[in-house]
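Dear colleague,

I am passing on a structure that you have not worked with before, together with some notes on what was found in it. Please have it open while you read.

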Amino acid sequence: MFIDSHCHLSFPELSSQLPAILQAMQTAQVEQAICISTTLEEFPSVLALAESHPQLWASVGVHPDNEGVREPSVDELLRLAAHPKVLAIGETGLDYYRLNGRSIADMEWQRERFRVHIRAARACGKPLVVHTRSSSFDTLQVLKDEGQGAVKGVFHCFTEDLATAQAAVDLGFHISFSGILTFKNAEGLREVAKALPRERVLIETDSPYLAPVPFRGKLNTPALVPHVAAELARLWDESIETVAAITRRNTGALFGLPA
Ligand SMILES: [Zn+2]
Ligand SMILES: [Zn+2]
């Protein structure tokens, strides 16, 4: 019934207990999950998960927070994304939250890495999984400049304001909400979720982080994504089954999941 559109099952906290997590997903009716890459070094373990489990899928990309890792080229991303279980390019994007004494001008390496991912997504037609934190203006600008309206994708684990969400939707992007939507201090984010066109909304866990209430602070897994759906159901005044159906359809359409 549910799809977790963004998780990190290859991270050791989760991969060390994979059989229990897959069982918990089944019990919670979480039928599929997309395992997101954050480095090229990690990609083989992400792909292995997708290759050995029909309900798991993969992406390929290098997260903007990762420094000292191998830089991707467009050609390498295209070669790795050609695998039928690789649904998307990312996660990629910009993150100016931890500048560590640097200026935004110093982060050109992040913007260049982001451009490489956008070029790859344009070339292969697969969606882009975008991470943006404290950088929404530049994220949108780079997407406009490099994407030229020819790239679709999702702003994942969304925490920015409604103007940013609407600008992303206008660019043809989806918006994905994580367990943050259930946090006590996330009133502004709940207003964003209420205002967006429903056909553009996805749900995710971003596990192992950001477990939804009432599991906040505990280990997160894809089995908890129904708690994000329940919060959306409350905000939209819909049943959880309706939210599951809408987000499942949106995720399937964006990522080209078999029906
Ligand atoms: Zn992210
Ligand atoms: Zn992530």
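The notes below concern the metal sites of this model, which is a predicted one.

I begin with the zinc ion (ligand 1), whose protein donors are Glu91 through OE, His131 through ND1 and His156 through NE2, lying 2.0 to 2.2 Å from the ion. Along the chain these donors follow the spacing E-x39-H-x24-H. Glu91 sits in strand β4 (residues 86-95), whereas His156 belongs to the loop between β6 (153-155) and α7 (162-170), and this pair, 65 residues apart, links distant parts of the chain. Both Glu91 and His156 are buried.

The zinc ion (ligand 2) is coordinated at 2.1 to 2.4 Å by His6 (NE2), His8 (NE2), Glu91 (OE) and Asp206 (OD). Glu91 therefore appears in both sites, bridging the zinc ion (ligand 2) and the zinc ion (ligand 1), which lie 3.5 Å apart.

As for geometry, the angles among the 4 donor atoms of the zinc ion (ligand 2) run from 87 to 174°, and the site is irregular. Its donor residues are spaced H-x1-H-x82-E-x114-D in sequence. Because His8 lies in the loop between β1 (2-7) and α1 (12-15), and Asp206 in the loop between β8 (201-203) and α9 (225-236), the pair ties together parts that are 198 residues apart in sequence. His8 is buried, with a relative accessible area of 3%, and Asp206 is likewise buried, with a relative accessible area of 9%.

With kind regards

Note on methods. Residues numbered from 1 in each chain as written. Chains lettered and ligands numbered in written order. Predicted model: local features only at pLDDT ≥ 70, side-chain atom pairs only at ≥ 80, totals over all residues. Heavy atoms only, no water. Donors = N, O, S within 2.8 Å, 3.2 Å for Na, K, Ca; no water. Helix = DSSP H or I, 4+ residues; strand = E, 2+ residues; numbered from the N terminus. Buried < 20%, exposed > 50% of the residue type's maximum accessible area, 1.4 Å probe, protein only. Tetrahedral: all angles 85-135°; square planar, octahedral: opposite > 155°, others 65-115°.
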